[in-house]
Amino acid sequence: THDYVLLFTSKGRVYSKRVFDFPEAASRSAKGKALVNFLELQAEERVVEILPLPAFDAGKFVVLSTQNGVIKKTELDSFSSIRSTGIIAIDLDPGDDLVGAQVTDGKFDVALCTRDGYVARFREEKVRAMGRTARGVRGVKLRESDRVVAMQVLDRDLPATLLTVSEKGYGKRTPAADYPTKGRGSQGVITIKANERNGKVIAVHVVNDTD
């Protein structure tokens, strides 16, 4: 209950709470409370990622990605002191939204997953650490009308699979080893057909057999 919770929003802002700030529900089917009761969200701002953290360890980073394919890495301790109104986590271009945030140790691979069913994988070292208000750099070269819908980080030393889910309820699991590691800014490789049957991709998560 004393862990920190970082809440990243579509507008590139981040809020910080402690677990004990949120009331524990009486049952699985309990309604819960709206986040507006806990966060001073701005107009049209929505939470897109929640990261629980026991501590702000030195040597760790937060990797952020946007729907237009921008990627950014910032040292974790840059988020250790956040005012109640939140702070800027990434400077977004007009029309762009934050879609993902993950904690890394600087030696992960990053997988950017797009709405049209492509995944671009590259080494985290290809993105230098930047200040909290920096814009970031290109992570994936998007095809026309495509956009990033999810970002996941992959431990190179552990076997895992990417679970891809489409808007019409279809899903598939693919070994992470099937995604080649390329340079930052590639177009990526196809992970699922975003056709009429499947619909577009809406979510991607790293999973293993015990999850």
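Q: By class, which residues line the second largest pocket?
A: In this predicted model, that lining has ten nonpolar, one polar and three charged residues. Ala, Val, Leu, Ile, Met, Phe, Trp, Tyr, Cys and Pro count as nonpolar, Asp, Glu, Lys and Arg as charged, and the others, including Gly, as polar.

Q: And the lining of the largest pocket? What is it by class?
A: The largest pocket is lined by eleven nonpolar, five polar and six charged residues.

Q: Back to the second largest: which lining residues are closest to its centre?
A: They are Leu154, Asp155, Leu158, Ala160 and Val206, out of 14 lining residues. A pocket is an open set of points on a 1 Å grid over the protein atoms alone, where a 1.4 Å probe fits, with protein on both sides within 12 Å along at least five of seven lines; lining residues have an atom within 4 Å of a point.

Q: Changing topic, how many aromatic pairs are there?
A: The structure holds three. In one of them, phenylalanine 22 and phenylalanine 38 meet edge-to-face, at 5.1 Å centre to centre and 65 degrees between the planes. Ring centres within 6.5 Å make a pair, and planes over 60 degrees apart count as edge-to-face.

Q: Is phenylalanine 38 buried or exposed?
A: Phenylalanine 38 is buried, at 18% relative accessible area, whereas phenylalanine 22, at 25%, is partly exposed. Buried means under 20%, exposed over 50%, and partly exposed in between, with a 1.4 Å probe and protein chains only.

Q: What should I know about the model?
A: Residues are numbered from 1 along each chain as its sequence is written. Local features need pLDDT of at least 70, side-chain atom pairs count only at pLDDT 80 or more, totals for chains, interfaces and linings use all residues, and side-chain values use heavy atoms, without hydrogens and water.

Definitions and conventions. Rings of Phe, Tyr and Trp (its six-membered ring) pair if their centres lie within 6.5 Å; planes under 30 degrees apart count as stacked, over 60 as edge-to-face and the rest as tilted.
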